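This report is written for a reader who meets the structure for the first time. It begins with a single residue and its neighbours, and then turns to the whole chain and its empty spaces.

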Amino acid sequence: MAAHYLDFERPIADLESKIEELSRLSETAGPGAFESEIQALRDRAQQLRKEAYAGLDAWQKTMVARHPERPHLKDYIAGLIDEFVELRGDRKFADDQAIVGGLGRFRGVPVVVMGHEKGHDTTTRLKHNFGMARPEGYRKAVRLMDMAERFNLPVITFVDTAGAYPGLGAEERGQAEAIARSTERGLVLGTPMVATIVGEGGSGGAIALAGANKVLILEHSIYSVISPEGAASILWRDGARAKDAAANMKITAQDLIQLKIVDRIVGEPAGGAHSDPAAAIEAVGDAVEDELKALMKLSPAELKKQRAERFYAIGREGLQ
């Protein structure tokens with residue numbers, strides 16, 4: 001599969017195209033024929049990548065957060081969760097594959113894990129509805145959190161959605177109420193909960209899985225009340241001004257940590273999580289493990305108190 005390059009990555013794409021061309025020539029010219037030239041181009045491409053990703057603006061970070069090769073929920077489960085057993089259905093209507101969850105072991109600790117799954121090709125994107133959950137997805141999340149509290153299991157969530165599905169059927173089945181119930185269940189959970197924004201964190205569809213004791217975010221992820229395109233359409237009736245909206249909405253990890261909406265930024269490899277998924281997944285695992293170890297020392301009452309204080313402080317302490 002051909003690599004997917006973003007607009008600001010075009011100089012890198014050109015260099016890597018030259019590297020590929022020289023590599024093919026070296027196969028016919030003999031081993032090591034262009035080794036020094038290829039290595040020089042690789043070093044230059046890596047330097048360009050570092051420079052480009054060191055100075056991304058909010059709109060460029062939005063594009064990185066949506067990158068199709070960025071690790072998704074199932075990648076994190078495969079990399080971090082042992083003995084995963086998926087649990088399906090909300091016991092009311094259906095199973096929504098936009099939210100996938102179940103039981104497993106995270107570095108030896110039994111946990112409930114769930115999150116949004118976007119899919120990685122046409123077939124899986126349709127199956128998972130591009131990570132946009134319907135009410136039954138959020139009711140499944142509530143069911144899993146109920147189970148976590150019943151068996152005293154920590155909850156780990158991975159957030160990656162443009163928002164909840166806005167279709168007619170979803171509204172008829174109580175989309176807003178389902179999101180509110182899922183958000184509420186997280187906020188009053190009696191076991192530790194750690195959420196990580198691994199891509200896009202869009203609107204109530206994201207916060208329904210992020211009512212956690214600790215909310216982490218990857219370096220180039222975004223978290224917002226509405227998409228930049230949606231904000232631009234509302235504010236200026238011009239979706240083409242999404243870049244302006246992104247700049248003013250404070251949606252990047254660096255903005256959010258200053259506003260105390262998130263608790264920790266997890267660094268990404270040079271070139272973004274999609275450039276080295278294994279390293280990104282390992283970094284997320286290390287951060288989640290750190291936070292979980294501290295939270296597991298707290299009683300249910302202390303966990304609820306800490307979570308309440310955390311969310312009550314948003315919009316107060318961060319703006320002082």
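## Thr 191 and its surroundings

Leaving aside residues up to four places away in sequence, Thr 191 touches Ala 148, Glu 149, Asn 152, Leu 153, Pro 154, Val 155, Asn 213, Leu 303 and Arg 307. The model in which these contacts are found is a predicted one. Thr 191 sits in the loop between helix H8 (175-187) and S5, and, because its relative accessible area is 1%, Thr 191 counts as buried, the cut-off for that word being under 20%.

Glu 149, one of the residues that Thr 191 touches, also serves as a reference point for Gly 169: the two are 20 residues apart in sequence, and their C-alpha atoms are 31 Å apart in space. Gly 169 belongs to helix H7 (residues 168-172). With a relative accessible area of 27%, Gly 169 is partly exposed.

## The chain as a whole

The protein chain contains 14 helices and eight strands. Its radius of gyration is 21 Å, close to the 20 Å that the globule rule gives for 320 residues, so the chain is as compact as a globular protein of that length. Taken along the principal axes, the box filled by the C-alpha atoms of the protein chain is roughly 65 × 50 × 40 Å.

Of the 320 residues in the protein chain, 47% are buried. When contacts between residues at least 6 apart in sequence are considered, 72% of them join residues at least 24 apart. The protein chain exposes about 15,200 Å², and carbon and sulfur atoms supply 53% of that area.

## Cavity and pockets

Rolling a probe the size of a water molecule over the atoms shows where empty space is left. The structure holds one cavity of 30 Å³ or more. The table sets out the volumes, together with the classes of the lining residues.

| Space | Volume | Lining residues by class |
|---|---|---|
| Largest cavity | about 30 Å³ | three nonpolar, four polar, one charged |
| Largest pocket | about 290 Å³ | 12 nonpolar, three polar, two charged |
| Second largest pocket | about 250 Å³ | four nonpolar, three polar, six charged |

The lining of the largest cavity is made of Ala 162, Glu 200, Gly 201, Gly 202, Ile 222, Ser 224, Ile 226 and Ser 227. Strand S5 (193-202) and strand S7 (222-224) each supply at least two residues of this lining, and S5 gives the largest share of it, with three residues. S5 is also the strand that follows the loop holding Thr 191, since that loop lies between H8 and S5.

The largest pocket is lined by 17 residues, and those nearest its centre are Tyr 223, Ser 224, Val 225, Leu 256 and Ile 261. Ser 224 thus appears in the lining of the largest pocket and in that of the largest cavity. Helix H9 (203-207), S7 and helix H14 (300-313) each supply at least two residues of the lining of the largest pocket, and H9 gives the most, with three residues.

The second largest pocket has a volume of about 250 Å³. Of the 13 residues that line this second largest pocket, Arg 66, Pro 68, Lys 118, Arg 125 and Phe 130 are the closest to its centre.

Note on methods:
Residues numbered from 1 in each chain as written. Predicted model: local features only at pLDDT ≥ 70, side-chain atom pairs only at ≥ 80, totals over all residues. Heavy atoms only, no water. 1 Å grid on protein atoms, 1.4 Å probe; cavity = no way out; pocket = protein on both sides within 12 Å on 5 of 7 lines; lining within 4 Å. Points joined across faces, edges and corners; volume = space filled by probe spheres on them. Helix = DSSP H or I, 4+ residues; strand = E, 2+ residues; numbered from the N terminus. Nonpolar A, V, L, I, M, F, W, Y, C, P; charged D, E, K, R; others polar. Buried < 20%, exposed > 50% of the residue type's maximum accessible area, 1.4 Å probe, protein only. Rg over C-alpha atoms; globule rule 2.2 N^0.38 Å. Contact = heavy atoms within 4.5 Å. Areas by Shrake-Rupley, 256 points an atom, 1.4 Å probe, with all protein chains shown as cover.
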